Each structure stands twice: as C-alpha cells, then as structure tokens.
Amino acid sequence: MPENNSGTQDERNQSYWFHILTQTTPAARNLHTAKLVAKARKQGDRVGIVCDTMQHAQELDDLLWNFSPDAFIPHSIVPDSATTCTDPVGILLCPPVAEDWDTVIILSATLPADADRFKRLALVAHNDETVLTQARSHYKQLRTLGIEPRVHDQRKR
C-alpha cells in the first residue's frame with residue numbers, strides 16, 4: 001500500500017471528496033473544476049483531471065486558458081497513457097497514475113480501478129440525473145475500497 005494511504009482511516013477519508021452542485025449544466029461543473037484546480041495549484045499540487053471525450057478536454061483547456069486574468073494555469077491535454085505530461089495540470093483522456101498526481105479530479109463515467117491509491121481525489125457532479133447516477137456509482141465503489149468520501153452537497157444549502 002502506498003505511503004500516502006498509511007494514515008488512519010479518518011485521515012484517508014479526508015482526502016476524498018464529492019462535490020454536488022446546485023447547477024444543472026456541464027459548464028458549471030467545468031467552472032467548479034477550474035476553481036478546484038486553482039486551489040490545488042496554490043498548494044503546490046500536480047493536478048490530473050479525468051474526462052471521457054476530447055470535446056470535454058478541449059472545453060476544459062479553453063476554460064483553464066482564460067480562467068484567471070491574474071495567473072495562468074499551465075496545463076496540457078493528455079490523450080493516452082503513452083503521453084507524458086510535464087505540465088503541473090493534465091487533462092487526462094486515460095486513467096491517471098497515482099504516482100504522477102497529487103490531486104485527481106474525476107469528471108469521467110469511470111472511476112479508476114486503483115482510486116484508493118490517490119493522495120487526494122475529488123469527484124464533481126452537476127445536478128443532472130445521469131451525472132448523479134454516475135456519482136452514486138463512484139461513491140459505492142469507493143466505499144467498497146474502504147473509503148467514506150466527504151460529501152459537499154450544495155443542493156442542501
């Protein structure tokens with residue numbers, strides 16, 4: 001088991017989050033993701049964002065180019081596992097490798113099989129039934145791995 005998961009179960013669970021947004025649009029999900037990326041970068045993290053399609057990757061790429069007028073977020077699209085990402089942020093169209101990323105943000109329909117190996121994992125879902133169904137499935141998978149993610153449900157505010 002990797003060193004980053006050697007802490008207590010409580011410490012481990014503090015590194016896994018679900019963000020459920022009140023908004024119903026993919027654009028809101030992307031914006032929330034960009035905010036999480038900026039926060040993680042301020043902490044010095046390498047961030048991998050996992051998405052399913054090149055179109056989604058390009059939407060995130062455009063957003064990150066224009067996200068903050070004060071600071072550029074260096075990033076690149078990683079189309080496959082054979083491509084090495086040298087930027088601090090990678091928009092991944094392939095499963096992330098735990099050793100490559102400090103924070104992984106899941107926007108994909110599939111949770112990585114080794115999700116319990118990541119230092120920090122965030123799943124972002126907008127208020128859409130299909131996306132929420134995927135999020136529930138991811139939540140169950142994490143619980144099967146012994147992880148009880150913290151849920152930030154903005155719909156309950």
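These legends walk you through several views of one predicted protein model.

**Figure 1. The whole protein, from one end of the chain to the other.** Welcome to the overview, a good place to get your bearings. The protein holds four helices and seven strands. Starting at the N terminus, you meet its elements in the order α-β-α-β-α-β-β-β-β-α-β. Of its 157 residues, 45% are buried. The protein exposes about 8300 Å², with carbon and sulfur atoms supplying 50% of that area. Counting contacts between residues at least 6 apart in sequence, 65% join residues at least 24 apart.

**Figure 2. A close-up of the largest pocket.** Here the view turns to an open space in the protein. The largest pocket has a volume of about 280 Å³, and 13 residues line it. Look for Trp17, His19, Leu36, Lys39 and Gln43, the lining residues that lie nearest the pocket's centre. Which elements each supply at least two residues of this lining? They are β1 (residues 16-20), α2 (26-42), β5 (103-106) and β6 (120-125). Helix α2 gives the most, with four residues. Sorted by class, the lining contains five nonpolar, four polar and four charged residues.

**Figure 3. Leu64 and the residues around it.** This view picks out one residue of helix α3, which spans residues 54-66. Is Leu64 buried or exposed? Leu64 counts as buried because its relative accessibility is 3%, while the cut-off for buried is under 20%. Leaving aside residues up to four places away in sequence, Leu64 touches Ala34, Val37, Ile49, Ile73, His75, Val89 and Ile91. You can also find Asn30 in this view: Asn30 and Leu64 are 34 residues apart along the chain, and their C-alpha atoms are separated by 9.5 Å.

**Figure 4. The largest nonpolar core, and another one apart from it.** Now for the inside of the protein. The largest nonpolar core has 23 residues, and those with the most contacts inside it are Val104, Ile106, Leu111, Phe118, Leu121, Leu123 and Leu142. Strands β1, β5 and β6 and helix α4 (129-144) are the elements that give two or more residues to this core. Its largest share, four residues, comes from α4. Apart from this core lies another, of 20 residues, with Ala38, Ile49, Ile73 and Leu107 among them.

**Figure 5. Leu142 and its contacts.** Our last stop is one of the residues with the most contacts inside the largest nonpolar core. Setting aside residues up to four places away in sequence, Leu142 touches Tyr16, Phe18, Leu111, Ala115, Leu121, Leu123, Ile147 and Pro149.

Notes:
Residues are numbered from 1 along each chain as its sequence is written. This is a predicted model: local features need pLDDT of at least 70, side-chain atom pairs count only at pLDDT 80 or more; totals for chains, interfaces and linings use all residues. Side-chain values use heavy atoms; hydrogens and water are left out. Buried means under 20% relative accessible area, exposed over 50%, partly exposed in between (1.4 Å probe, protein chains only). Contact means heavy atoms within 4.5 Å. Accessible areas come from the Shrake-Rupley method with a 1.4 Å probe; for residues, only the protein chains shown count as cover. On a 1 Å grid over the protein atoms alone, a cavity is a set of points where a 1.4 Å probe fits but cannot get out, and a pocket is an open set with protein on both sides within 12 Å along at least five of seven lines; lining residues have an atom within 4 Å of a point. Grid points are joined across faces, edges and corners, and a volume is the space filled by probe spheres set on the points. Ala, Val, Leu, Ile, Met, Phe, Trp, Tyr, Cys and Pro count as nonpolar, Asp, Glu, Lys and Arg as charged, and the others, Gly among them, as polar. A nonpolar core is a set of buried Ala, Val, Leu, Ile, Met, Phe, Trp, Tyr and Cys residues joined through side-chain atoms within 4.5 Å.
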